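Welcome to this short tour. Open your viewer, get ready to select residues, and follow along one stop at a time.

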Amino acid sequence: SRSYVIDAIPGDGIGVDVTDVAMQCVDAVAGIYGFGVQWRVRDWNSDLYRKAGRMMPVDGIDQLSSGDGIYLGAVGTPDVPDDVTLWGLLIPIRREFDQYINLRPMRLLPGVVGAMPGIGDLDIVVVRENVEGEYSQIGGRFGAGTDGEFAVQESVFTRRGIARAARYAATAATERGGRLVSATKSNGIIHTMPFWDEVVAETVKEFPGVVVEKVLIDALAARLVMKPTSIRTIVASNLFGDILSDLVAGVAGSIGIAPSANLNPERRHPSMFEPVHGSAPDIAGKGIANPVGALWAAAMMLDHLGEAEAARSLTSAFEGTLADGTATPDLKGTATTAEFAAAVLSRLS
Ligand code: NAD
Ligand code: IPM
Ligand code: MN
């Protein structure tokens, strides 16, 4: 029978709580649809860093490469610098496995209280370039201790990197009405974004059914708040896509509901699924984290594994729970993470 090996990295803070819920619910749908999931749970987090000086073993990437997929909660904790937690785990996984697409869908979920009014048919996909752009390691801090101390950060955009993101986004747009919005800043970032615009425009020409509209990122942010239903598919650079995906989630009610798939579309390497949110130190340990983003990400993982029916069933289970009025405090509800999880599981039995 069908069986998948998934590396689960719960990580830090609420990453642990929501990963636990995701694993339980995936096991439940796997039971219903007759496949198995073998979880390899990894204790790769800030505690390991405090003990061993590393976020993951030296051969961590090798260990992950034999699996069918990776499921991540979140990493980050107040007493360890973010560059250690992120560049020691999250970013290397995205890069080593060439997960160059970060797919971040958002819809208005049923029963959600606190979403912006009038967004009933909100349905947006952010296609975020996930391995280059503004997130480069080129640069540094210089002149520490002097009056002239400064920091430099280079962005690196490649023709191939932009084109493959645009191609993926144009393919998505084909099935989503044909209009693609490209987030840019070609008026103000004089080397990189005009190049982005040019390569996006050229690439989208390969898709006769797709029209690309470039929108400056500042105006796009306002438009996503004021008229979010006017946009269905967005292609964005690494940093712009990061910001827009939290923005769109906020418009739809909470960043706790947003999912993310870090994809290697050619399937030469495992892909990684995670909620969009971080470890939320402000609510860690309180048992009130919203597991919806984590569950939606788990559904995207099931879909990626070819278990579309199980993915749909898991999605209906968390949507039905929300529609029933069960919600965590970020959505103005009173449910704990455990209560929400129990309600989802009861729909999967
Ligand atoms: P965050 O997403 O952790 O939290 C932002 C706000 O949203 C907080 O008020 C938090 O309580 C709330 N929130 C987030 N997820 C929620 C959920 N599921 N349910 C209810 N409320 C939720 O972002 P931050 O505070 O800017 O970052 C905290 C840490 O997480 C940092 O160390 C950051 O680097 C890290 N981070 C990691 C990842 C990742 O591992 N993929 C992603 C983003 C941030
Ligand atoms: C995300 C996160 C990460 C990113 C951070 C933690 C480096 O915000 O996955 O959205 O910017 O990619
Ligand atoms: Mn982010």
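Which residues does serine 1 touch, not counting residues up to four places away in sequence? Keep that in mind as you start, and remember that you are looking at a predicted model.

**Stop 1: the start of the chain**

Select serine 1, which sits in the segment before strand S1 (3-11). Now add the residues that serine 1 touches: they are Gly34, Phe35 and Gly36. Look at phenylalanine 35 in particular. In sequence, serine 1 and phenylalanine 35 are 34 residues apart, yet from C-alpha to C-alpha the separation in space is 6.3 Å. Is serine 1 buried or exposed? Serine 1 counts as exposed because it has 5 C-beta neighbours inside 10 Å, and a residue with 12 or fewer is called exposed.

**Stop 2: the whole chain**

Zoom out and switch to a cartoon view. You can follow eleven helices and twelve strands along the chain. The radius of gyration is 20 Å, close to the 20 Å that the globule rule gives for 349 residues, so the chain is as compact as a globular protein of that length. Turn the model around: along its principal axes, the C-alpha trace spans about 55 × 50 × 40 Å. Of the 349 residues, 47% are buried. Among the contacts with a separation of 6 or more, 76% come from residues 24 or more positions apart.

**Stop 3: the domains**

Try colouring residues 5-344. The UniProt record, an unreviewed entry, gives this stretch the feature "domain: Isopropylmalate dehydrogenase-like". Over residues 5-344, helix makes up 41% and strand 19%, and the end C-alpha atoms are 23 Å apart.

Next, use two colours for the domain assignment: domain 1 takes in 1-99 + 261-349, and domain 2 is 116-251. Their C-alpha centres lie 25 Å apart. Where they meet, seven residues of domain 1 are in contact with six residues of domain 2. On the domain 1 side of this meeting place, two residues are nonpolar, two are polar and three are charged.

**Stop 4: the ligands**

Select ligand 1 and show what surrounds it. There are 22 residues around ligand 1, and Gly76, Gly256, His277, Gly278 and Asn290 come nearest. Which helix gives the most to this shell? Helix H4 (residues 82-96) does, with three residues. Colour the shell around ligand 1 by residue type and you will find ten nonpolar, eight polar and four charged residues.

Move on to ligand 2. Around ligand 2 you will find Leu86, Asp242, Val276 and Gly278. By type, that shell has two nonpolar residues, one polar and one charged.

**Stop 5: two positive phi angles**

For the last stop, check some backbone angles. Most residues other than glycine have a negative phi. Select arginine 267, in the loop between strand S11 (259-263) and strand S12 (272-275). The phi of arginine 267 is near 60 degrees, a positive value in a residue other than glycine. Arginine 267 is exposed, because 10 other C-beta atoms lie within 10 Å.

Finish at alanine 280, in the loop between S12 and helix H9 (292-304). Alanine 280 has a positive phi too, near 45 degrees. Is alanine 280 buried or exposed? Alanine 280 is buried, because 22 other C-beta atoms lie within 10 Å, and the cut-off for buried is 20 or more.

Terms used
Residues are numbered from 1 along each chain as its sequence is written. Chains are lettered from A and ligands numbered from 1 in the order in which they are written. This is a predicted model: local features need pLDDT of at least 70, side-chain atom pairs count only at pLDDT 80 or more; totals for chains, interfaces and linings use all residues. UniProt positions are given in the numbering used here, feature names are shortened, and annotations may be inferred rather than shown by experiment. Helices (H or I, at least four residues) and strands (E, at least two) are DSSP runs, numbered from the N terminus. A residue is near a molecule or strand if its C-beta atom, placed from the backbone, lies within 6 Å of it. Ala, Val, Leu, Ile, Met, Phe, Trp, Tyr, Cys and Pro count as nonpolar, Asp, Glu, Lys and Arg as charged, and the others, Gly among them, as polar. The radius of gyration is taken over C-alpha atoms; the globule rule is 2.2 Å times the number of residues to the power 0.38. Two residues are in contact if their C-beta atoms, placed from the backbone, lie within 7 Å. Domain bounds come from an automatic or database domain assignment.
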